[in-house]
Amino acid sequence: SSSSSSSVKRIVEISSSSSASRSTSLASKPSPAVISRKGGRRARSSVAMNAIADEVTKEKPKTIYLKDYQTPAYEFEHVNLSFQLNEEHTTVSSSIDVRVQRKNETLFLHGDKSMQLDAVLVNGTQVADERLTRTNAGLFVSGLPEEDFTLKIVTTIKPQENTALEGLYKSSGNYCTQCEAEGFRRITFYQDRPDVMSKFTTRMEAAKDKYPVLLSNGNLIDSGDADGGRHFAVWEDPWRKPSYLFALVAGNLAKIEDSFTTMSGKKVDLRIYTEPHNIDKADHAMVSLIKSMKWDEDTFGLEYDLELFNIVAVDDFNMGAMENKSLNVFNSRLVFATPKTATDADYAAIEGVVGHEYFHNWTGNRVTCRDWFQLSLKEGLTVYRDQEFSSDMNSRGVKRIGDVSKLRAAQFPQDSGPMAHPIRPEEYIKMDNFYTVTVYEKGAEVVRMYESLLGKDGFRKGMDLYFERHDGCAVTTEDFFSAMADANNTDLSAFKPWYQQAGTPIVDVKTSYDASTKTFTLKATQTVPATPGQDASQKKAVLMPIRVGLLDKSTGKDIEIASVNGVAQEKGTTTAVLRFDQKEQTFTFENVEQDVVPSILRNFSAPIKMTTDLEEGDLLFLMANDSDPFNRWEAGQTLFRSLLVKLIADETNGKALEMNTKITDALRKTIEGAKAADADKAFIARAMMVPSESELVEMLEPGTVDPDVVKAARKFVMKSLAADLRPLLEETAKANSAAAYKNEPADRAMRSLKNTCLGYLSYVDAPEVAKDALERYQNADNMTDKIATLSALSDKVCAERETAFDAFYQEWQHDPLVMCKWLSLQAASGVPNNLGNIKALLTHPAFDIKNPNKVYSLIGGFMSNPTTFHQKDGQGYEFLADVILQLNDINQQVAARMAGGFTR
């Protein structure tokens, strides 16, 4: 699954006693005898069968521990599911072929208390009530046969009342499912755990006029009409899968179609389904899917294994997307794109997430997790794969900068806060809240370090062995680790703490050059700070790859690295990979003929916080000359961060603020570089970015942070640069303003550079700036430019701002996804009394608290606005608490995400 980039699930248990969905509970209500489709009678749902043993007491949150893992006593070989989809209720029948692994054990089936249990039959005979014990968590069945048997369960559910958007629910009148991590237990009673892998056959029946499209996993093997204006479809998935990968969609949907021929010559039909009025917005997603399939074959030799691949876009979805086998379900914001409705960033996100979910077919579906503690096994690995895919499709350097920026803005704070946890945790309460930036983004960095340590060929060998050993299995992070080590015959034991320790390692580097011995020395020390449940004394040194290049001070060019610590490097090496695995370690580069400036941690080769003894002149030199795009950008960011930390201290102490003119001059040279014929304008736009307030907060001592002071210091830098560079910014914006929209890499780079310049110019206090921004908004022929100009106006108190925001609403009020952008921009605004504006938007027609996208846009945007959220009067905190309490009665997953604002 793919977490939303704007907000991820936090480890917060909102409520232990209330149901995740506020749908009417059927569990405690006996039902009359139910007439089956063929006219037969089904067993009566008894009061005893639906009585919940622990209903009278509030259950405390139960902690699940990795150390308590046991293999299942009963394996489910094959599952036949039948869905009777009706407007008032849905009846679900499951028939399971059970294989007994350990005799005489009670079988526990997960099941939400919102379901009505109608029948439990073993080998065709109803199980006596005294052998059934129902709790808030599920159903215990005792007295089972010692030999293999068939288990049948019948439940009744109400998808239309399921506001939690887990299990089976309705979105815009259509049925859809979301079963990861624990949604299947809201559909039927089942061993809802990832190590129970079964083959599924699914039959569904519904009214043909309202639900003409019926989809599930695998291949369509039968379909036809049924009585009463209904129809049915039967889908069979030949691949074993856990219940979290089950999917069902039924509705009135349109589709676009294409095909892909695999490397073995097999034709795969590709279909993307949307509501009819959105079908014109799915073309980019289809192109992205085809690119993903080809890339996975070329890069990892992984071929798609069925003859059909479906994607369905839905408006109401808690997450970004879901990799259900052959039937991916997507949040519509990660499918729909046209130039008029989507920004360049949206197009990039769609390409990346479509790739991510497709790549899960192997890293997640064919090889899945043994238990949820291993979540990063599939998510960290697949994020790494989608990052590499996007890098190959676009600018690799710019992509890496964006990924690291996200890591620093979201994951580093989590790693230093009260919710810090390892990528493979030891315990959890509610699994839905463990889909975090640590598991995903830091997990991806851990996978990337394997590639840095082993090289691309070595990493590929490890991947090949991983699939050879574990295809069709549910495995652990240790299995992946072993495949990497064994395939390369290398000792990686010092790498294991990355899976077990929370916290971001802090690395300090001291350097020196000895002209007499012609050696350059790099001395590194590492520490891992204390985190909740893990004292600093418990933390171990970890193996990390440190990529280092050496630049000739006289020419600015990389020199060839001959040997390090006596170990010869391959001829032509200009970047050495240092294996840093001790608390303190020295690396000596031999045969260095001249003094050099080191480029350390190239491509951000390890997810660490690093300090060095490089001086301002060295950083300016690297900013101008480094061949590594990330470190060229990082040199500028380090200069900005040092300046801003000093200005924050000066502002706190009442000192006058002064701009560093050397930084201004360096930025001027960077922008002037856009005039070159071969200029990388996307990189230049990135290099112009000043560290965000959120990133700066992480550099300050806890307890000393004043968001107003941080904002004032950053605003001073932006205003100073805008004033000093105004003519150049205006010239660059004009030179990169195209007459008409094109969606090509060069055009996207020009838009990025132009809009970055306009962002700077918005800090100029001159009426003509606001007037120019409004004119640009009115003349824009694409959403990227419209949003950029709205953003430039959003912090200004002027008539142009009101005109532009009102015009945007009038044009797009009937497009829910576009309205999310309108809400988000206003939530992030720095205008006075913006909290009052945000409160008013809660009752605006554009907002719907039941729709996760709207909540993430407005409330998530508010949480990312430091000065508004952290108002000194505490009203921002009070407002968020009230919203969370309201959300908790609607959708606890979304409520938990919003509660994450209090954990930083």
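This is a short working chat about one sheet and two helix pairs in a predicted model.

User: What kind of model is this, and how is it numbered?
Analyst: The model is predicted: local features need pLDDT of at least 70, side-chain atom pairs count only at pLDDT 80 or more, and totals for chains, interfaces and linings use all residues. Residues are numbered from 1 along each chain as its sequence is written, and side-chain values use heavy atoms, with hydrogens and water left out.

User: Start with the sheet. What's the strand order?
Analyst: The order is β30-β27-β32, in an open sheet of three strands with antiparallel pairing. Strands (E, at least two residues) and helices (H or I, at least four) are DSSP runs, numbered from the N terminus. Two strands pair if DSSP finds at least two bridges between them.

User: Which strands are at the edges?
Analyst: β30 (576-580) and β32 (596-600). Each pairs on one side only. The twist averages 35° from one strand to the next.

User: How many bridges join β27 to β32?
Analyst: Five, with β27 covering residues 544-552. The two strands run antiparallel. Val-548 stands opposite Ile-600 in β32.

User: Which helix lies across β27 and β32?
Analyst: Helix α9, residues 616-625. It runs at about 70° to β32. Axes are lines fitted to C-alpha atoms, for helices over the stretch in contact, and angles run from 0 to 180 degrees between N-to-C directions.

User: Switching to helices. How do α18 and α20 pack?
Analyst: At an angle of about 20°, with their axes 10 Å apart. α18 is residues 783-794 and α20 is residues 816-827. They are therefore roughly parallel to each other (angles under 35 degrees count as such). The crossing is right-handed, meaning the near helix is turned clockwise from the far one by less than a right angle.

User: Which residues meet there?
Analyst: Met-783, Ile-787, Leu-790, Ser-791 and Ser-794 in α18 meet Val-818, Lys-821 and Leu-825 in α20. Contact means heavy atoms within 4.5 Å. The contact has five nonpolar, two polar and one charged. Ala, Val, Leu, Ile, Met, Phe, Trp, Tyr, Cys and Pro count as nonpolar, Asp, Glu, Lys and Arg as charged, and the others, Gly among them, as polar.

User: And α21 with α24: what's the angle, and which hand?
Analyst: The axes of α21 (residues 834-841) and α24 (residues 875-888) come within 11 Å and cross at roughly 15°. This crossing is left-handed, with the near helix turned anticlockwise.

User: Which residues make that contact?
Analyst: Leu-835, Ile-838 and Lys-839 of α21, and Gln-875, Gly-876 and Phe-879 of α24. By class, three are nonpolar, two polar and one charged.

Conventions
Angles under 35 degrees count as roughly parallel, over 145 as roughly antiparallel, 65 to 115 as roughly perpendicular and the rest as oblique.
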